Amino acid sequence: MVITLILVEFLIFSFIGGILDLLYNFATERKWSNTGYFKAPFCPIYGFGGLVLIFLFKILTFLSPAVQIIIAASVMVVGEYVGGIFTEKVLRLKLWDYSASRFHLHGYIHPLHSFYWLVLTIFFYFVLILR
């Protein structure tokens with residue numbers, strides 16, 4: 001039962017992340033483009049990220065909400081960095097590249113998208129965790 005719940009959560013977060021990517025790409029490039037590995041709006045990094053957030057918020061309950069959110073958002077940024085390295089080195093794909101942006105780190109992360117992770121983490125905390 002627990003494995004089924006984890007799998008369903010992973011699939012839901014991956015799908016929502018795929019939709020967010022599609023919407024973001026449309027807003028910034030004015031065209032519909034799927035930037036992920038899959039043809040459908042499905043981004044596993046969001047699935048893993050959602051599961052990690054659930055886990056973190058369960059084990060960090062002894063900390064204040066602000067500290068929980070800062071730690072969780074930092075873990076999401078590190079996850080994006082590691083995910084970028086993984087997709088490039090293992091899958092031989094560069095699914096995102098921030099190297100044209102100022103203050104990027106090896107093209108995998110940069111301040112604006114790190115801020116987006118913070119916003120998503122805050123949303124996740126207040127909508128899904130405190131419900």
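How do the residues of the lining of the largest pocket divide into nonpolar, polar and charged? They comprise 23 nonpolar, 11 polar and 4 charged residues. This report, which concerns a predicted model, begins with the pockets and then turns to the nonpolar core, the salt bridge and the loop between H3 and H4.

## The two largest pockets

The volume of the largest pocket is about 1000 Å³. Its lining consists of 38 residues, and those closest to the centre are Asp-21, Ile-45, Tyr-46, Trp-96 and Trp-117. Four helices each give two or more residues to this lining: H1 (2–29), H2, H3 (65–89) and H4 (111–129). The most is given by H3, which supplies 7 residues.

The second largest pocket has a volume of about 290 Å³. Of the 16 residues in its lining, Phe-13, Ile-16, Leu-20, Leu-120 and Phe-124 are the closest to the centre. The elements that contribute two or more residues here are H1, H2 and H4. The lining of this second pocket divides into 13 nonpolar residues, 3 polar residues and no charged residues.

## The largest nonpolar core

The largest nonpolar core holds 20 residues, and the members that touch the most other members are Leu-53, Phe-57, Ala-72, Trp-117 and Phe-124. Two or more residues of this core come from each of H2, H3 and H4. Two of the residues named above also appear among those closest to a pocket centre: Trp-117 in the case of the largest pocket, and Phe-124 in the case of the second largest pocket.

Phe-57 allows the core to be examined in detail. This residue belongs to helix H2, which covers residues 44–59. Phe-57 counts as buried because its relative accessible area is 2%, and the cut-off for a buried residue is under 20%. Apart from its neighbours within four places in sequence, Phe-57 is in contact with Gln-68, Ile-69, Ala-72, Thr-121, Phe-124, Tyr-125 and Ile-129. Val-78 stands 21 residues from Phe-57 along the chain, and the C-alpha atoms of the two are separated by 17 Å.

Ala-72 can be described in a similar manner. With neighbours within four places in sequence set aside, Ala-72 is in contact with Leu-53, Leu-56, Phe-57 and Thr-121. Thr-121 is thus listed among the contacts of Ala-72 and also among those of Phe-57.

## The salt bridge

How many salt bridges does the structure hold? There is 1 salt bridge in the structure. It joins Glu-88 to Lys-94, and their closest N and O atoms are 3.5 Å apart. Glu-88 is partly exposed, at 25% relative accessibility. Lys-94 is also partly exposed, at 37%.

## The loop between H3 and H4

Three residues of this loop deserve attention: Tyr-98, Phe-103 and His-106. The table sets out their accessibility together with that of His-113, which lies in helix H4.

| Residue | Relative accessible area | Class |
|---|---|---|
| Tyr-98 | 11% | buried |
| Phe-103 | 61% | exposed |
| His-106 | 52% | exposed |
| His-113 | 15% | buried |

Is Phe-103 buried or exposed? Phe-103 counts as exposed because its relative accessibility is 61%, and the class begins over 50%. The same cut-off of over 50% applies to His-106, which is exposed at 52%.

Phe-103 and His-106 also call for a remark on their backbone angles. Most residues other than glycine have a negative phi. Phe-103, however, has a positive phi near 65 degrees. His-106 is not a glycine either, and its phi is positive at about 55 degrees.

Tyr-98 is buried, with a relative accessible area of 11%. Not counting residues up to four places away in sequence, Tyr-98 touches Glu-80, His-104, Gly-107, Tyr-108, Ile-109, His-110 and His-113. Its C-alpha atom is 29 Å from that of Phe-126, a residue 28 places away in sequence.

His-113 is in contact with Tyr-24, Glu-80 and Tyr-98, once its neighbours within four places in sequence are left aside. Glu-80 therefore appears among the contacts of His-113 and among the residues that Tyr-98 touches, under the contact limit of within 4.5 Å.

Notes. Residues numbered from 1 in each chain as written. Predicted model: local features only at pLDDT ≥ 70, side-chain atom pairs only at ≥ 80, totals over all residues. Heavy atoms only, no water. Buried < 20%, exposed > 50% of the residue type's maximum accessible area, 1.4 Å probe, protein only. 1 Å grid on protein atoms, 1.4 Å probe; cavity = no way out; pocket = protein on both sides within 12 Å on 5 of 7 lines; lining within 4 Å. Points joined across faces, edges and corners; volume = space filled by probe spheres on them. Nonpolar A, V, L, I, M, F, W, Y, C, P; charged D, E, K, R; others polar. Salt bridge = Lys/Arg side-chain N within 4 Å of Asp/Glu carboxyl O. Core = buried A, V, L, I, M, F, W, Y, C linked by side-chain atoms within 4.5 Å.
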